[in-house]
Amino acid sequence: MIPKTIKEVIDLGDGREITIETGKLAKQADGSVVVQMGKAMLLATIVSASKPSPVDFLPLTVDYREKFASAGRYPGGFFKREARPSTDEILTMRLVDRVLRPLFPKDYHNEIQIMVQLMSNDDNVMPDALVGLAASAAIQLSDIPFEYPISEVRVARIDGKFVINPSRTQLGEADINMMVGASIDSVAMVEGEMDECSEEEMAEAIKFAHEAIKIQCKAQIRLAEAVGKKETREYEGESEDEDLEKKIHEVAYSKCYDVAKRGVGKQERGEAFSEIKDEVKAMFSEEELEENEELISKYFKKAHKEAVRNLLLAEGKRLDGRKTTDIRPIWCEVDYLPSTHGSSIFTRGETQALTTVTLGTSREANIIDLPTLQGEETFYLHYNFPPFCTGETRPLRGTSRREIGHGNLAQRALKGMIPEDCPYTIRIVSDVLESNGSSSMATVCSGTMALMDAGIQMIKPVSGIAMGLITDGKDYAILSDILGDEDHLGDMDFKITGTADGITACQMDIKIKGLSNEILVKALQQAREGRLHILKKMIDTIAKPNAEVKPHAPKIVTTSIPSEFIGGLIGPGGKVIQELQKETETTIVINEVDDQGIVEILGVNQDGIDKVLAKIESLLFKPEVGSVYEVKVIKLLDFGAVVEYTEAPGNEVLLHISEMAWKRTEKVTDILNLGDVIDVKYFGTDPRTRKEKVSLKALQPKPEGYVERPPRKDNRGRDNRGRDNRNRDRR
């Protein structure tokens with residue numbers, strides 16, 4: 001018997017719709033839904049453990065996977081099975097996690113696992129824009145404590161008009177591409193890239209997306225009501241002790257306020273706060289500490305946070321002594337690493353990024369093989385955040401999701417400023433050596449300078465800044481160039497990158513409800529002032545891209561040849577191209593596009609590149625019938641000489657002994673010697689021999705009284721014109 005299903009439809013207003021269905025699949029999960037748009041279908045489930053985990057944080061896991069079967073494809077690789085998540089899947093998980101995590105109760109420590117799977121793909125639907133909706137809808141049908149429904153949409157501006165959840169084809173024409181996550185009341189997350197849009201245009205796009213999200217949130221509420229909303233489960237929350245909280249606040253608050261007011265560095269400030277915490281602990285016996293250790297730590301953090309925030313709101317003073325609009329001291333350097341193709345250091349306060357650029361051919365492109373997308377990237381950025389950059393030790397377990405997310409943000413910030421005709425594949429690697437606030441924005445700045453140092457002709461330089469916000473609901477302070485502590489203790493983390501003319505990328509997480517459009521626009525304007533200040537410091541270090549790549553960096557030349565000549569360049573078993581690469585110390589890559597061979601020649605030595613180009617020119621050389629060409633004798637045979645066109649080295653033709661002189665020639669050496677340079681006339685392909693014919697004697701005057709020699713006969717009675725003369729001879 002087919003189970004009864006309940007469905008809710010969301011009309012996108014342009015003939016497209018999204019459906020949310022429940023009751024058919026995965027009914028043992030705490031909540032499950034199928035979200036469908038076109039032929040794209042996602043299954044979302046949520047399960048939470050019945051007992052709390054022994055941790056002091058929310059143990060939430062958001063997992064998103066795209067099944068290859070959803071697109072009728074096999075996974076790549078040897079095992080033919082989906083393995084670890086791709087970069088795109090991880091980025092989607094992060095987008096959803098950032099919106100959901102703040103909405104679970106802070107004292108809910110039961111493990112939560114949200115799984116969203118793409119079960120059916122549609123090439124005209126980008127499924128990542130539906131994952132937030134699917135996850136939230138599954139939560140609404142469960143008994144897990146959660147504040148209110150959220151959703152996420154992609155908003156793009158195409159030909160001046162905003163579109164919700166466009167197709168990938170449409171997105172290729174967009175100058176704004178953002179993912180926005182929000183509830184009915186407020187925006188919680190923004191991430192995307194733009195083609196130098198203004199702050200006002202960005203705010204308008206966010207507002208448009210929020211209106212679409214409100215409709216999706218209301219649809220979730222209707223679905224939950226139709227199913228019958230479950231009572232929220234009871235759970236073991238954290239215990240509270242008002243007297244203990246008051247006691248700790250009285251001791252810690254004023255002391256934390258005084259330390260925050262000093263305006264000292266990160267290490268000194270951290271040591272001072274630790275001393276205050278030790279003083280608080282000293283107020284209790286060992287027995288009391290053991291019994292209330294978690295509460296004591298919790299209430300100290302609360303007093304610490306309140307002191308820092310109140311100092312800012314009351315006196316406008318920050319932890320390091322700056323005003324709200326001040327940018328920390330900056331110093332930069334380029335060409336720091338002598339063997340790289342490009343390098344730079346960007347240091348802002350206690351945050352430092354060392355960035356390198358490596359140049360290569362299309363062979364080094366980053367291959368993308370997903371159920372929803374196949375292709376390659378010729379510009380990509382890798383971001384590394386080692387533990388020593390924050391003075392910590394921790395296990396090294398591969399690239400973290402945070403590193404992938406921060407690297408993607410920096411890559412989106414810079415990629416629009418790489419010229420379309422740039423022949424190189426470009427890899428940027430940013431190693432964060434110190435971190436105290438916005439190492440991803442330091443990566444953008446350092447990446448720009450490293451590209452310019454490498455001789456990449458960037459359209460415009462890009463800088464980035466991280467903004468913060470602290471508010472008590474009435475008063476607020478917008479902070480430029482936030483510290484790590486200000487990020488942790490504040491209400492907003494807003495990263496903005498751009499050129500002098502507009503925004504290229506952004507990432508925003510808002511921790512409070514109801515952020516007004518007025519505050520958002522003001523934060524964007526203040527960010528612009530900060531970006532321009534940072535950009536000036538960068539330009540003071542390197543004003544424009546170097547005119548050429550470094551002497552030790554590879555130069556690349558791209559040319560094209562007709563497809564029929566590709567085989568000649570490669571040779572049997574790759575012999576020709578391999579020997580040519582070895583001889584010229586170059587790398588040669590050939591890609592066939594639209595009946596043309598696109599040849600990339602990469603090499604440090606220009607002479608080697610020129611030799612490859614000469615070889616290609618010789619392959620393409622087509623002599624014209626009736627024309628005269630200079631040739632060089634490169635081989636002597638009994639019946640002629642092999643000659644090479646001097647204007648196309650490697651292009652050879654046979655000069656037959658009968659075409660060397662008008663008189664009979666007994667030996668080739670009577671006329672020619674090895675190495676002789678002569679002129680010959682080209683007659684095209686001889687239809688009788690099907691070989692190209694050139695002649696030396698055709699350029700010489702015919703002797704007076706010359707009589708054409710009768711054709712020779714072979715042993716079968718045929719003359720050298722191929723005629724059978726045996727019967728004629730008998731007559």
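I take buried to mean under 20% relative accessible area. With that cut-off in hand, I opened this predicted model and started at strand 26.

**Entry 1: strand 26 and its partners**

I looked up strand 26, residues 640-645, and found six of its six residues buried, so the strand is largely enclosed by the rest of the structure. Next I sorted its residues by direction. Gly640, Val642 and Glu644 point one way, Ala641, Val643 and Tyr645 point the other way, and all are buried. I note that Glu644 is on that buried list along with Val642.

Which strands does it pair with? On one hand I have strand 25, residues 628-637, which is antiparallel to strand 26 over six bridges. Leucine 637 has glycine 640 of strand 26 as its bridge partner. Two residues separate strand 25 from strand 26, and the pair makes a hairpin.

I then followed the chain onward to strand 27, residues 652-656, which runs antiparallel to strand 26 and is joined to it by five bridges. Here valine 643 stands opposite valine 653. This pair is a hairpin too, with six residues between the strands. In its turn I found glycine 650 with a positive phi of about 95 degrees.

**Entry 2: the cores**

Which residues touch the most other members of the largest nonpolar core? I read off Met178, Met202, Ile426 and Phe494, in a core of 87 residues. I picked methionine 178 and listed its contacts, leaving out residues up to four places away in sequence. Among them are Val153, Val155, Val190, Met194, Met202, Ala205, Ile206 and Cys506. The list also holds Arg154, Glu191 and Gly192. Apart from the core of Met178 lies another one, of 47 residues, including Ala44, Leu60, Tyr64 and Leu141.

A reminder to myself: in soluble globular proteins, nonpolar side chains tend to be buried together.

**Entry 3: a five-strand sheet**

I traced an open sheet of five strands with mixed pairing, and its order is 11-12-13-17-16. Its edges are strand 11 (330-334) and strand 16 (379-384), each pairing on one side only. On average, neighbouring strands of this sheet are turned by 15 degrees against each other, direction ignored.

At one edge, strand 16 pairs with strand 17, residues 425-434, in the parallel sense over six bridges. Phenylalanine 379 has isoleucine 426 as its bridge partner in strand 17. I had already met Ile426, in the largest nonpolar core.

What packs on the sheet here? Helix 8, residues 401-415, touches strand 16 and strand 17, and its direction makes about 140 degrees with that of strand 16. I also found helix 11, residues 517-541, lying across strand 11 and strand 12 (342-348) and running at about 35 degrees to strand 11.

**Entry 4: glycine 360**

Strand 13 spans residues 351-360, and glycine 360 lies in it. Is glycine 360 buried or exposed? Its relative accessible area is 4%, so I count glycine 360 as buried. Leaving out residues up to four places away in sequence, I find that glycine 360 touches Tyr424, Thr425, Ile556 and Leu602.

I also checked glycine 360 against leucine 295: they are 65 residues apart in sequence and 56 Å apart in space, C-alpha to C-alpha.

**Entry 5: helix 7**

Where does helix 7, residues 286-315, bend? I place the bend at asparagine 292, by about 80 degrees. Glycine 316 follows helix 7, and its phi is positive, near 65 degrees.

Definitions and conventions:
Residues numbered from 1 in each chain as written. Predicted model: local features only at pLDDT ≥ 70, side-chain atom pairs only at ≥ 80, totals over all residues. Heavy atoms only, no water. Core = buried A, V, L, I, M, F, W, Y, C linked by side-chain atoms within 4.5 Å. Buried < 20%, exposed > 50% of the residue type's maximum accessible area, 1.4 Å probe, protein only. Contact = heavy atoms within 4.5 Å. Helix = DSSP H or I, 4+ residues; strand = E, 2+ residues; numbered from the N terminus. Pairing = 2+ DSSP bridges. Bend = angle between axes of the 7 residues up to and from the residue. Axes fitted to C-alpha atoms, helices over the stretch in contact; angles between N-to-C directions.
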